[in-house]
Amino acid sequence: MSDLSHPPSLTAPGDPAAGDPIVTTPPGTAAARREIVGRSPNQLAWLRLKRDRTARASAVTLAVAALVALGAPLLGRVTGIDPTDKFVDRLNDFGMPIGYAGGINADHWLGLEPGSGRDILLQLVYGLRTSLFIAFASALLASSIGVAVGVLAGWARGWLDSVVNWLIDLTLAFPFLIFALAVIPILQDRFYSDRESPSPAFRVALIVATFGLFSWTYTARLVRGQVISLREREFVEAARAAGAGTGHILLRQLLPNIWAPILVTVSLMVPQFIAIEAALAFVNIGVTEPTPDLGRMIFNSIGYVASDPWYTLFPGLTIFLLVLAFNLLGDALRDSLDPRSAR
């Protein structure tokens, strides 16, 4: 016979009314991971980029290069050496550094420049800062012009689009490197006479302006195509129906949806500018003395390749690693931002 004084409980196990403990899902378990519904495209791109070992190695290389470039004045204080200091007392009668491997010792970690006696490490570090500044400033200027022109042409269409396309085709018809070789000396002669030497700041600004004003076409054509494909999408029509103005649609609706290809274009534009700037300095049209520059170091080392190959090796290897790291990071960034990528 059942005991009627203690009726059976009608509560389920784990119910607080029955006094049972509340069962919770420990974080990190499979059940907790199933609670994640999905990730945004930006999160998926970031995860793909983090899993790419080549991208991580390239990012670390570029981060170290940026820190070294930014810390150039600190390195000068630590070593007590200025990049313009000349140690001619450590050169022999032929102008060659005294010692092993181009004069490498405890005071000069990468040796001395033949002929001038300047410290190669300080020249290299400050030259790295010059190259990175010119490349990033040029990429920023070219991207800003390209984005503005591409958005306006893709949105307005009509005669404005035709004029922009004609201007892009005309600009692409000029061989960029040959044009830079011609326009930089002409503009320099316009502001300076034969007896005056241009200031380093003027030459850097001239190089950045030349790179930016003749490299915006690729970004403009890319952005124009993206805007044309997005201008009739549902979210743009919804913004129009809600009474949004043209400025709001362009800045708040279209630009956030085309930042990925713009970022990839910038990442691939920077190494191109590093190589072109070094080429201009190699032919003595780039940055002038006394501003340190990697391309000019290679130009100055031509006559000492056989007797002091270390002088050529250090700046050449630096440019090679910079360009390679930027290109690999740009490729990895493009793959990670592509939703169809299987990586």
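**A walk through a predicted all-helix chain**

I'll start at one residue, Arg157, which sits in the loop between H5 and helix H6, the latter spanning 158–172. Before going on, please note that this is a predicted model. Back to Arg157: its phi is near 55°, which is positive although the residue is not a glycine. As background, most residues other than glycine have a negative phi. Is Arg157 buried or exposed? Neither: Arg157 counts as partly exposed, because its relative accessibility is 33%, and the partly exposed class lies between under 20% for buried and over 50% for exposed.

Now the whole chain. The protein chain contains 14 helices and zero strands. Read from the N terminus, the order of elements is α-α-α-α-α-α-α-α-α-α-α-α-α-α. The chain has 343 residues, and 40% of them count as buried. About 19,600 Å² of the protein chain is exposed, with carbon and sulfur atoms supplying 65% of that area. On contacts: take the pairs in the protein chain that are at least 6 apart in sequence, and 71% of those contacts join residues at least 24 apart.

Next, the record. An unreviewed UniProt entry carries the annotation "transmembrane region" for residues 57–76, 132–155, 167–188, 200–223, 258–287 and 310–330. I will take two of these stretches. Residues 132–155 are 100% helix and 0% strand in the model, and their end C-alpha atoms lie 34 Å apart. For residues 200–223 the figures are 88% helix and 0% strand, with 34 Å between the end C-alpha atoms.

On to helix packing. How do H5 and H9 pack? Helix H5, residues 120–156, meets helix H9, residues 217–230, at an angle of about 35°, and the axes are 7 Å apart. Their crossing is right-handed. On the H5 side, the contact is made by Ser143, Gly146, Val147, Val149, Gly150, Val151, Ala153, Gly154 and Trp155. On the H9 side, the residues are Thr219, Ala220, Val223, Arg224, Val227 and Ile228. Sorted by class, the contact of H5 with H9 has nine nonpolar, five polar and one charged residues.

One residue from that contact deserves a closer look. Val223 belongs to helix H9. Why does Val223 count as buried? Its relative accessible area is 1%, and buried means under 20%, so Val223 falls in that class. What does Val223 touch, once its neighbours within four places in sequence are left aside? The answer is Gly146, Val147, Gly150, Val151, Ile258 and Ile262. Gly146, Val147, Gly150 and Val151 are also among the H5 residues in the contact with H9. Val223 also pairs up with Trp259 in terms of distance: the two are 36 residues apart in sequence, and their C-alpha atoms are 9.3 Å apart in space.

A second helix pair, for reference. Helix H10, residues 234–241, and helix H11, residues 246–254, pack at an angle of about 145°, and 11 Å separates their axes. The crossing of H10 and H11 is right-handed. In this contact, Phe235, Val236, Ala239 and Arg240 of H10 meet Ile249, Gln253 and Leu254 of H11. By class, those residues are five nonpolar, one polar and one charged.

Now the loop between H12 and H13. Asn284 is found there. The phi of Asn284 is near 65°, another positive value in a residue other than glycine. Asn284 is exposed, because its relative accessible area is 53%, and the cut-off for exposed is over 50%. Pro290 lies in the loop as well, between helix H12 (259–282) and helix H13 (294–300). Which form does the peptide bond from Glu289 to Pro290 take? The bond is cis, with omega near 5°. For context, most peptide bonds are trans.

Last stop, Arg56, which is found in helix H3, residues 53–70. Arg56 counts as partly exposed because its relative accessibility is 41%. Not counting residues up to four places away in sequence, Arg56 touches Lys50 and Arg51. Along the chain, Arg56 and Leu328 are 272 residues apart, while 9.9 Å separates their C-alpha atoms.

That is the tour.

Methods
Residues are numbered from 1 along each chain as its sequence is written. This is a predicted model: local features need pLDDT of at least 70, side-chain atom pairs count only at pLDDT 80 or more; totals for chains, interfaces and linings use all residues. Side-chain values use heavy atoms; hydrogens and water are left out. Axes are lines fitted to C-alpha atoms, for helices over the stretch in contact, and angles run from 0 to 180 degrees between N-to-C directions. Helices (H or I, at least four residues) and strands (E, at least two) are DSSP runs, numbered from the N terminus. A crossing is left-handed if the near helix is turned anticlockwise from the far one by less than a right angle, and right-handed if clockwise. Contact means heavy atoms within 4.5 Å. Ala, Val, Leu, Ile, Met, Phe, Trp, Tyr, Cys and Pro count as nonpolar, Asp, Glu, Lys and Arg as charged, and the others, Gly among them, as polar. Buried means under 20% relative accessible area, exposed over 50%, partly exposed in between (1.4 Å probe, protein chains only). Accessible areas come from the Shrake-Rupley method with a 1.4 Å probe; for residues, only the protein chains shown count as cover. UniProt positions are given in the numbering used here, feature names are shortened, and annotations may be inferred rather than shown by experiment.
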